[in-house]
Amino acid sequence: MIQETDLLYFKNWFEMYVKQFCTGNERIDSAICLKVTHTKNVALEILGLANSLNLDAEHCYLAEIVAIFHDIGRFEQYLRYHTYSDQKSEDHAKLGLEVIASTGVISRLPLYEQELVRNVVAHHNRASLPQGDDQKFLLLLKLLRDADKIDILRVVTEHYAGFSRNEAINIGLPDTPEISDEIVNSILNCTLAKVQDIKTINDFKLLQVGWIFDLNFPRTYQIFKQRCYLDKLSAALPQTVNVIQAIDSARRFLMRKCTIERSVHECQIP
Ligand SMILES: [Fe+2]
C-alpha cells in the first residue's frame with residue numbers, strides 16, 4: 001500500500017536531486033528551473049485530473065509519484081547535451097530510467113509499483129499509447145500524458161506570447177516561415193503529427209495544436225478550452241490559409257469533445 005509518506009519522501013528526494021544541476025550560470029539555471037517548475041506543475045495537474053475521476057488516495061499518490069519522475073532524465077540530458085531536443089541528444093525517458101536505476105530512489109516501493117513507475121516514465125513521451133491489459137498502468141499513463149501536455153502548453157504559450165521567454169523551449173529549431181505539409185495534413189485528418197516532420201518553430205507550434213487529438217479525459221478538454229490554448233497557439237502562428245484550416249479543424253474537434261462530455265454529464269443528472 002502506497003502511503004502519503006512515500007509521496008513526501010519522493011518530493012523531498014526530487015528537491016535534493018535537482019539542486020546538483022544548478023550552476024550559477026543564468027542560462028543553464030533557467031533551463032533547469034523550467035523543468036523543475038514543469039515537474040511540480042504536472043504533479044498538480046495530474047492530481048486535478050485524478051480528482052475529476054474520483055480516484056482513491058492510493059491512485060492519487062501514485063499519480064503524483066509518476067509525475068515527479070516522468071522528466072527526471074531531463075536534468076542529465078541538459079547537463080550532457082545542453083538541449084531538451086531528444087532528436088539532437090537522446091530519449092529523455094530512457095535517461096530517466098537510468099537515473100531511477102542508478103539512484104535506487106524507488107526501491108522503497110513494492111515491486112509491482114516500481115515496475116509501474118518505470119513503465120509509465122518509459123512510455124510517457126511515445127507517439128501513442130501502448131497495447132496492454134494492465135489497467136492501472138494504462139490509467140496512470142493516460143493521466144500523465146494529459147497532465148504533461150496541459151503544463152507544456154502553459155510553458156510554450158507564455159513563451160510564444162513574449163513573457164517567461166526561455167530559449168531552451170525552441171529546442172534549436174529555426175524561426176523561419178516554412179510550415180510542413182505533413183504536419184498540416186495530420187491536423188486536418190485529426191491525427192497526431194510526427195516529431196520527425198518538425199523542421200521549424202512553426203511546425204513545432206502546429207504539432208502542439210495537434211495534441212488535442214491525443215487527450216484522454218473530459219477535464220483535459222475543458223482545461224484546453226478554458227485556458228484558450230488553441231487561440232494562444234493560433235496567435236503565435238502566421239495566418240496562412242493552411243494554418244487557419246488546421247486550427248479550425250482542431251477547434252471543431254475540441255468543441256465536439258466538450259459538447260459530447262457536457263451532454264453525457266447532463267444526461268447523468270437525475
Ligand atoms: Fe517528458
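This is a short dialogue on reading helices and loops in a predicted model.

Colleague: Let us start with one helix. How many residues does helix 5 have, and how far does it reach?

Modeller: Helix 5 covers residues 92-103, which is twelve residues. From first C-alpha to last it reaches 16 Å. That is close to the 16 Å expected at 1.5 Å a residue.

Colleague: Which residues of helix 5 are buried?

Modeller: The buried ones are His92, Ala93, Leu95, Gly96 and Ile100.

Colleague: Why do the buried residues line one face of the helix?

Modeller: First the general idea. An α-helix has 3.6 residues a turn, so residues three or four places apart point the same way. Now the case here. Look down the axis of helix 5: the buried residues fall within an arc of 155°, so they line one face.

Colleague: What covers the buried residues of helix 5, and which exposed residues sit on the face turned away?

Modeller: The cover includes helix 3 (57-70), helix 4 (73-81) and helix 6 (111-123). The face turned away from the buried side carries Ala101 and Ser102, both exposed. Just after helix 5, glycine 104 has a positive phi of about 65°.

Colleague: Which residue other than glycine has a positive phi in the loop between helix 4 and helix 5?

Modeller: Histidine 82, with phi near 55°. Its place is in the loop between helix 4 and helix 5. Histidine 82 counts as partly exposed, because it has 14 C-beta neighbours inside 10 Å.

Colleague: Where does aspartate 91 lie, and how far is its C-alpha from that of asparagine 125?

Modeller: Aspartate 91 is also in the loop between helix 4 and helix 5. It has 15 other C-beta atoms within 10 Å, so aspartate 91 is partly exposed. Its C-alpha is 8.8 Å from that of asparagine 125. Along the chain the two are 34 residues apart.

Colleague: Now pairs of helices. At what angle do helix 2 and helix 3 pack?

Modeller: The general idea comes first. Two packed helices are described by the angle between their axes and the distance between the axes. Helix 2 (residues 26-52) and helix 3 pack at about 155°, with axes 8 Å apart. That makes the two roughly antiparallel, since the angle is over 145 degrees. The crossing is right-handed.

Colleague: Which residues meet there?

Modeller: From helix 2 come Thr39, Val42, Ala43, Ile46, Leu47 and Ala50. They meet His59, Cys60, Ala63, Glu64, Ala67, Ile68 and His70 of helix 3.

Colleague: What span should helix 2 have, and what do its buried residues pack against?

Modeller: Helix 2 has 27 residues, so at 1.5 Å a residue it should span 39 Å. Its end C-alpha atoms are 38 Å apart, which agrees. Its buried residues include Ala31, Ile32, Lys35 and Glu45. The buried residues pack against helix 1 (4-19), helix 3, helix 4, helix 7 (135-160) and helix 10 (218-226). Just after helix 2, asparagine 54 takes a positive phi of about 55°.

Colleague: Are helix 8 and helix 9 roughly parallel or antiparallel to each other?

Modeller: Their axes come within 10 Å and cross at roughly 15°. Helix 8 and helix 9 are therefore roughly parallel. The crossing is left-handed. Ile183, Val184 and Ile187 of helix 8 make the contact with Asp203, Leu206, Leu207 and Val209 of helix 9.

Colleague: What is the phi of cysteine 190, and where is its place?

Modeller: Phi of cysteine 190 is near 55°, a positive value. The residue is in the loop between helix 8 (181-188) and helix 9 (201-209).

Conventions:
Residues are numbered from 1 along each chain as its sequence is written. This is a predicted model: local features need pLDDT of at least 70, side-chain atom pairs count only at pLDDT 80 or more; totals for chains, interfaces and linings use all residues. Helices (H or I, at least four residues) and strands (E, at least two) are DSSP runs, numbered from the N terminus. The expected span of a helix is 1.5 Å times one less than its number of residues. A residue is buried if 20 or more other C-beta atoms lie within 10 Å of its own, exposed if 12 or fewer, and partly exposed in between; C-beta atoms are placed from the backbone. The arc is that of the directions from the helix axis to the C-beta atoms. Two residues are in contact if their C-beta atoms, placed from the backbone, lie within 7 Å. Axes are lines fitted to C-alpha atoms, for helices over the stretch in contact, and angles run from 0 to 180 degrees between N-to-C directions. Angles under 35 degrees count as roughly parallel, over 145 as roughly antiparallel, 65 to 115 as roughly perpendicular and the rest as oblique. A crossing is left-handed if the near helix is turned anticlockwise from the far one by less than a right angle, and right-handed if clockwise.
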